[in-house]
Amino acid sequence: RVSSSSMVKCVTPAHDAGAVSIQTSQNGVDFESTGVSFTFGGLGSVTAVEPSVASTLPGSSVTVIGRDFARSAHLECWFGSQRSAAQYVSSSMILCRTRASAIGNLSLSVYSEGSALSPGSV
């Protein structure tokens, strides 16, 4: 969609992770390379959480281990229904800070850019 004489807004289709070149067309038939690339990122997947037991007091660090994590300004951890701070460490590690909680089991879900990382919760 043309937004102005110097800006076009595009919606990307589903695509495997990786870089693609961007091409433009004014008629939908003839395409021209822009010399610009766009990188599709995988949502990542969670494989483990350490430790599996944490204090009920706020501020404990929980390490989420997985693969294909992307650096994101919108990274969140959810312990049950409570959102908590998350910090990107590497493509295989995210740190979450616990919130105060009652004793018991809680699911942990990690979200990046509003999408749950696979599996949805651990």
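Me: Ala, Val, Leu, Ile, Met, Phe, Trp, Tyr, Cys and Pro count as nonpolar, Asp, Glu, Lys and Arg as charged, and the others, Gly among them, as polar. How many residues of the lining of the second largest pocket are nonpolar, polar and charged?

Reply: This is a predicted model. The second largest pocket is lined by 14 residues. By class, its lining divides into nine nonpolar, five polar and no charged.

Me: Which residues lie nearest the centre of the second largest pocket?

Reply: The volume of the second largest pocket is about 300 Å³. Nearest to its centre lie C10, T12, I22, Q23 and F38.

Me: Which element gives the most to the lining of the second largest pocket?

Reply: Two elements, β3 (18-24) and β4 (32-40), each give two or more residues to the lining of the second largest pocket. One of them gives five residues, the most of any. That element is β3.

Me: What volume does the largest pocket have?

Reply: Start with its lining, which has 20 residues. The closest to the centre are S52, V53, A54, G104 and L106. The space in this largest pocket is about 440 Å³.

Me: How many residues in the lining of the largest pocket are charged?

Reply: Eleven residues of this lining are nonpolar. Another eight are polar. The charged count is one.

Me: Which residues make the nonpolar surface patch of about 230 Å²?

Reply: One member of the patch sits in strand β4: V36. V36 has 46% relative accessibility, so it counts as partly exposed. The full patch is made by I22, V36 and F38.

Me: Is V11 buried or exposed?

Reply: V11 lies in the loop between β2 (7-8) and β3. The cut-off for exposed is over 50% relative accessible area. V11 has 81%, so it is exposed.

Me: What distance separates the C-alpha atoms of V11 and F38?

Reply: Along the chain, V11 and F38 are 27 residues apart. In space, their C-alpha atoms are separated by 12 Å.

Me: Where is the proline that follows a cis peptide bond from E50?

Reply: Most peptide bonds are trans. The bond from E50 to P51 is cis, with omega near -5°. P51 is found in the loop between β5 (45-50) and β6 (61-67).

Me: What phi does D68 have?

Reply: D68 is placed in the loop between β6 and β7 (75-79). Most residues other than glycine have a negative phi. D68 is not a glycine, yet its phi is positive, at about 60°.

Me: Which side chain meets that of D68 in a salt bridge?

Reply: D68 has a relative accessible area of 44%, so it is partly exposed. Its salt bridge spans 2.9 Å, N to O. The partner is R67.

Me: What is the N to O distance in the salt bridge of E76 and R83?

Reply: The structure holds two salt bridges, and the side chains of E76 and R83 meet in one of them. E76 has 24% relative accessibility, so it counts as partly exposed. R83, at 41%, also counts as partly exposed. The N to O distance between them is 2.8 Å.

Terms used. Residues are numbered from 1 along each chain as its sequence is written. This is a predicted model: local features need pLDDT of at least 70, side-chain atom pairs count only at pLDDT 80 or more; totals for chains, interfaces and linings use all residues. Side-chain values use heavy atoms; hydrogens and water are left out. On a 1 Å grid over the protein atoms alone, a cavity is a set of points where a 1.4 Å probe fits but cannot get out, and a pocket is an open set with protein on both sides within 12 Å along at least five of seven lines; lining residues have an atom within 4 Å of a point. Grid points are joined across faces, edges and corners, and a volume is the space filled by probe spheres set on the points. Helices (H or I, at least four residues) and strands (E, at least two) are DSSP runs, numbered from the N terminus. Patches are made of residues with over 30% relative accessible area and no salt bridge: like charges are joined within 9 Å, nonpolar side chains (Val, Leu, Ile, Met, Phe, Trp, Tyr) within 5 Å. Accessible areas come from the Shrake-Rupley method with a 1.4 Å probe; for residues, only the protein chains shown count as cover. A salt bridge is a side-chain nitrogen of Lys or Arg within 4 Å of a carboxyl oxygen of Asp or Glu. Buried means under 20% relative accessible area, exposed over 50%, partly exposed in between (1.4 Å probe, protein chains only).
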